[in-house]
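Visitor: Got a minute to walk me through this one? I'd like to start in the middle and wander from there.

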Amino acid sequence: MTKKFPATRLRRPRSSDWSRRMIRETSISVDDLIWPLFICDGIGQEIPVHSMPGVSRLSVDKAVEAAKQAHKMGIPCIALFPSTQSERRSERGDEALNRDNLINTALSAIKAAVPDIGLLADVALDPYTIHGQDGLVENGNILNDETVGVLVQQAVVQAAAGADIIAPSDMMDGRVGAIRHELDSAGYQHVQIMAYAAKYASGFYGPFRDAVGSGGILAGDKKTYQMDPANRLEALREVELDINEGADSVMIKPGMPYLDIIRDVKEAFGVPTFAYQVSGEYAMLVAASQNGWLDQETVMAESLLAFKRAGADGILTYFAMEMASLLDR
Ligand code: PBG
């Protein structure tokens, strides 16, 4: 580039709104938003998650209403997470395979009421285990292959209940290929897999664990299966494996501290790439805004746009409805 000041003045095209809009490189639309919802037992329940102001756990009837609203706003997909009561948890997380458990009840109720919104269901055992780990535990070790054996069944049960996208969030090795195989054999060739491909052992999941009731009970950490935040090349290997095993799309998680990984993955593979703006990121932005230290609408829109600029095709975000209304205005 030989262009120099004063012939070149980069402030010139920034001088008015119409011109800024004209040269804008990145945009975000409602099509980019996936809305995570927490589901709880009961009827007419809306139980606030204290560490996530503005977010509540919804009983199935309320979740159906929320899905209707999301569909009306144009949000393409919602992700469901069950807040499972402690008496339904067990050492091996058998409740995961119960066809009538909370998540499956919610999936089928929403599918019946709002057939045209996408339904994403997490596959992992942490909502159902008494120790809060995503897999089966033996002598303090998280068993890989034995866990995969359960996860494939969980995926089929959720597909049967109406899940359109199965999202394994457990980080066991080999689970994407095994789930693809099991879904296909059970007649669910049309059900997609969005792999939590590069999921880091992060401190930013705290409020989520409060929301689903696995925070207080988590024994130890998840570092033997979730990735080390220091690693970048390893994320590419994780993503490559999941694509080769049949993932339709991949996800990077958390979001904002890992924008470099999103960029790397998108450039290396060019597959549909999603970012999860996780609970702790939401909590930070909302808490600072409630203190009057940040402007919530501005930082919400800026943070979500940053994911698009980094290369994400879409974002799972607790701000989805708020962002959709902002885009609507
Ligand atoms: C469960 C799961 C977690 C999240 C999504 N699925 C928590 C964890 O791995 O401990 C975190 C989402 C968030 O923080 O918003 N496997």
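**Strand S4 and its neighbours**

Guide: Sure, let's start with a pairing: Pro36 sits opposite Ala79, which belongs to S4. Keep in mind that this is a predicted model.

Visitor: Which strand is joined to S4 by 6 bridges, and is that pairing parallel or antiparallel?

Guide: That's strand S1, residues 33-40, and the two run parallel.

Visitor: And what about S5, how many bridges join S4 to that one?

Guide: There are 4 bridges between S4 and S5 (residues 118-123), and these strands are parallel too. As one example of who faces whom, Ile78 is opposite Leu119 in S5.

Visitor: What unit do S4, H3 and S5 make?

Guide: A β-α-β unit, and it's right-handed.

Visitor: How many of the residues in S4 are buried?

Guide: 6 of its 6. One side has Cys77, Ala79 and Phe81, the other has Ile78, Leu80 and Pro82, and both faces are covered.

Visitor: Moving along the chain, where is Glu95?

Guide: Glu95 is in the loop that links S4 (77-82) to helix H3 (102-113).

Visitor: Is Glu95 buried or exposed?

Guide: Its relative accessible area is 11%, so Glu95 counts as buried, the cut-off being under 20%.

Visitor: What does Glu95 touch?

Guide: Leaving out residues up to four places away in sequence, Glu95 contacts Arg88, Asn101 and Tyr128.

Visitor: And how far is Glu95 from Lys266, C-alpha to C-alpha?

Guide: 36 Å, with their positions 171 residues apart along the chain.

Visitor: Change of topic: helix H8. Which residues there are buried?

Guide: H8 covers residues 259-269, and its buried residues are Leu259, Ile261, Ile262, Asp264 and Val265.

Visitor: Why might residues three or four places apart in an α-helix point the same way?

Guide: Because an α-helix has 3.6 residues a turn.

Visitor: So what do the buried residues of H8 pack against?

Guide: Two helices, H7 (233-244) and H10 (296-310), plus two strands, S10 (249-253) and S11 (273-277).

Visitor: What happens just after H8?

Guide: Gly270 comes there, with a positive phi of about 60°.

Visitor: Last stop, the surface. Which residues make the nonpolar patch?

Guide: Trp18, Met22 and Ile23, and the patch is about 380 Å². Ile23 is part of helix H1, residues 17-23.

Visitor: Why can Ile23 count towards a patch?

Guide: Patch residues need over 30% relative accessible area, and Ile23 has 46%, so this partly exposed residue clears that cut-off.

Notes:
Residues are numbered from 1 along each chain as its sequence is written. This is a predicted model: local features need pLDDT of at least 70, side-chain atom pairs count only at pLDDT 80 or more; totals for chains, interfaces and linings use all residues. Side-chain values use heavy atoms; hydrogens and water are left out. Patches are made of residues with over 30% relative accessible area and no salt bridge: like charges are joined within 9 Å, nonpolar side chains (Val, Leu, Ile, Met, Phe, Trp, Tyr) within 5 Å. Accessible areas come from the Shrake-Rupley method with a 1.4 Å probe; for residues, only the protein chains shown count as cover. A salt bridge is a side-chain nitrogen of Lys or Arg within 4 Å of a carboxyl oxygen of Asp or Glu. Buried means under 20% relative accessible area, exposed over 50%, partly exposed in between (1.4 Å probe, protein chains only). Contact means heavy atoms within 4.5 Å. Two strands pair if DSSP finds at least two bridges between them. A crossover is right-handed if, with the strands pointing away from the viewer, the path from the first strand over the helix to the second runs clockwise.
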